[in-house]
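Me: Please take a close look at one part of this model, the place where the two chains meet. I would like one connected account.

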2 protein chains.
Amino acid sequence: MSYNKKFMLEAIRVANENIENQGGPFGAVIVKDGKIIASSGNSVTTDNDPTAHAEVNTIRKACKQLGTFNLEGCEIYSSCEPCPMCLSAIYWAHIDKLYYATTKDDAASIGFDDSFIYHELTLKPEQRRVQAEQHDRDIALEPFQTWRTKTDKTEY
Amino acid sequence: MSYNKKFMLEAIRVANENIENQGGPFGAVIVKDGKIIASSGNSVTTDNDPTAHAEVNTIRKACKQLGTFNLEGCEIYSSCEPCPMCLSAIYWAHIDKLYYATTKDDAASIGFDDSFIYHELTLKPEQRRVQAEQHDRDIALEPFQTWRTKTDKTEY
């Protein structure tokens, strides 16, 4: 479906409401077959959950609503361009299309790290601010071998 | 703290156990002051939650355990190199250090999209597989203005 302004206005309304409820200034809605099936603001500080961005929350609610981990056929409207965590979650959820309003640079201008994390992801692990070390790959290949040969697995 | 093999072995044990419980072949633990404070496998298919990767689940559990959205002073051990969603979550959680075992290419070899999503994130929004469109930025700047001037906000 093409862009429908009323869904973006709802995502923005949720963002405004969320600030009143002591959450972050972000909102999102997920639409299927022309209807909103889930919406949420950001609840990082109110839920003590750093992953509880508006898009992640809305994906989780939509999946619960539909009883699936696959949101093919759905579109997400976000009041702000998703951070890399949320954009990746959109990929993992197989959402068809993303509409956003403000940008990651707008988010940076009010103190959110989205642009910084986008940049970090382009670096090699050893160049990133969060130090990363690889160890014991040989041992950790075992669950992958088990998975490869498992016949009754649910793939995603 | 420096790498401690016993924590990685526990993350791998969780991954193996998780496969037996019909989850994906991934496990993670979070360590603070030399002790494991949270661990989890991947529960995407068992919880119908595409964001329920091992690292995200473990971050959520650790935050609940400590009553905070900020995991400074913690380290995460993951049986596999985090996907972009999980790596970004590690940044948002302010975890100090990451230890991983298998790589995103190992994950790709058993059918997981980590490498593909890493590549997509380097592209401009209009070049990505998930189509993205920007609309109505001017309206969506309103909650950001409210946030900027709010005096009793909880920043993160």
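Reply: What follows goes from the single chain to the interface, then to the sheet and the helices around it.

The model is predicted. Start with chain A. Chain A holds 7 helices and 5 strands. Along the sequence they follow the pattern α-β-β-α-α-β-α-β-α-α-β-α. The C-alpha atoms of chain A fill a box of roughly 50 × 40 × 30 Å along the principal axes. Of the 156 residues in chain A, 49% are buried. Among contacts in chain A with a separation of 6 or more, 46% link residues 24 or more positions apart.

Now the symmetry. A turn of 180° with a shift of 0.0 Å along the axis lays chain B on chain A, with an RMSD of 0.0 Å. This is the relation of a two-fold axis. B:Met85 is the residue of chain B that comes closest to the rotation axis, with its C-alpha at 2.0 Å.

Next, the interface itself. Contacts join 72 residues of chain B to 72 residues of chain A. On the chain B side, helix 7 (residues 137–149) gives the largest share, 10 residues. By class, the chain B side has 40 nonpolar, 17 polar and 15 charged residues. The copies meet through the same surface, because 100% of the interface residues of chain B are also interface residues in chain A.

The sheet crosses from one chain to the other. Its 5 strands run in the order 5(A)-4(B)-3(B)-1(B)-2(B). The sheet is open, and its pairing is mixed. Strand 5 of chain A and strand 2 (35–42) of chain B stand at the edges. Each has a single partner strand, so one side of each is left without a neighbour in the sheet. On average, neighbouring strands are turned by 20° against each other, direction ignored.

Look at the joint between the chains. Strand 5 (residues 131–134) of chain A runs parallel to strand 4 (residues 97–102) of chain B, and 4 bridges join them. A:Gln134 has B:Tyr100 as its bridge partner in strand 4 of chain B.

Within chain B, the sense changes. Strand 1 (residues 24–32) and strand 3 (residues 74–80) of chain B pair in the antiparallel sense, over 5 bridges. There, B:Val29 stands opposite B:Tyr77 of strand 3.

Helices pack on this sheet. Helix 1 (residues 5–20) of chain B touches strand 1, strand 2, strand 3 and strand 4 of chain B. The direction of helix 1 makes about 145° with that of strand 1 of chain B. Helix 3 (residues 54–66) of chain B lies across strand 1, strand 2 and strand 3 of chain B. Helix 3 runs at about 140° to strand 2 of chain B.

One helix pair spans the interface. Helix 1 (residues 5–20) of chain A meets helix 7 of chain B, with axes that come within 9 Å and cross at roughly 10°. That crossing makes helix 1 of chain A roughly parallel to helix 7 of chain B. Helix 1 of chain A contributes A:Ile12, A:Ala15, A:Asn16 and A:Ile19. Helix 7 of chain B contributes B:Ile139, B:Ala140, B:Glu142, B:Pro143, B:Thr146 and B:Trp147. The residues of this contact divide into 7 nonpolar, 2 polar and 1 charged.

Two features thus deserve a view side by side: the strand pairing between strand 5 of chain A and strand 4 of chain B, and the contact of helix 1 of chain A with helix 7 of chain B.

Methods: Residues numbered from 1 in each chain as written. Chains lettered and ligands numbered in written order. Predicted model: local features only at pLDDT ≥ 70, side-chain atom pairs only at ≥ 80, totals over all residues. Contact = placed C-beta atoms within 7 Å. Nonpolar A, V, L, I, M, F, W, Y, C, P; charged D, E, K, R; others polar. Pairing = 2+ DSSP bridges. Least-squares fit on C-alpha atoms with pLDDT ≥ 70 in both. Axes fitted to C-alpha atoms, helices over the stretch in contact; angles between N-to-C directions. Buried ≥ 20, exposed ≤ 12 C-beta atoms within 10 Å, placed from the backbone. Parallel < 35°, antiparallel > 145°, perpendicular 65-115°, else oblique.
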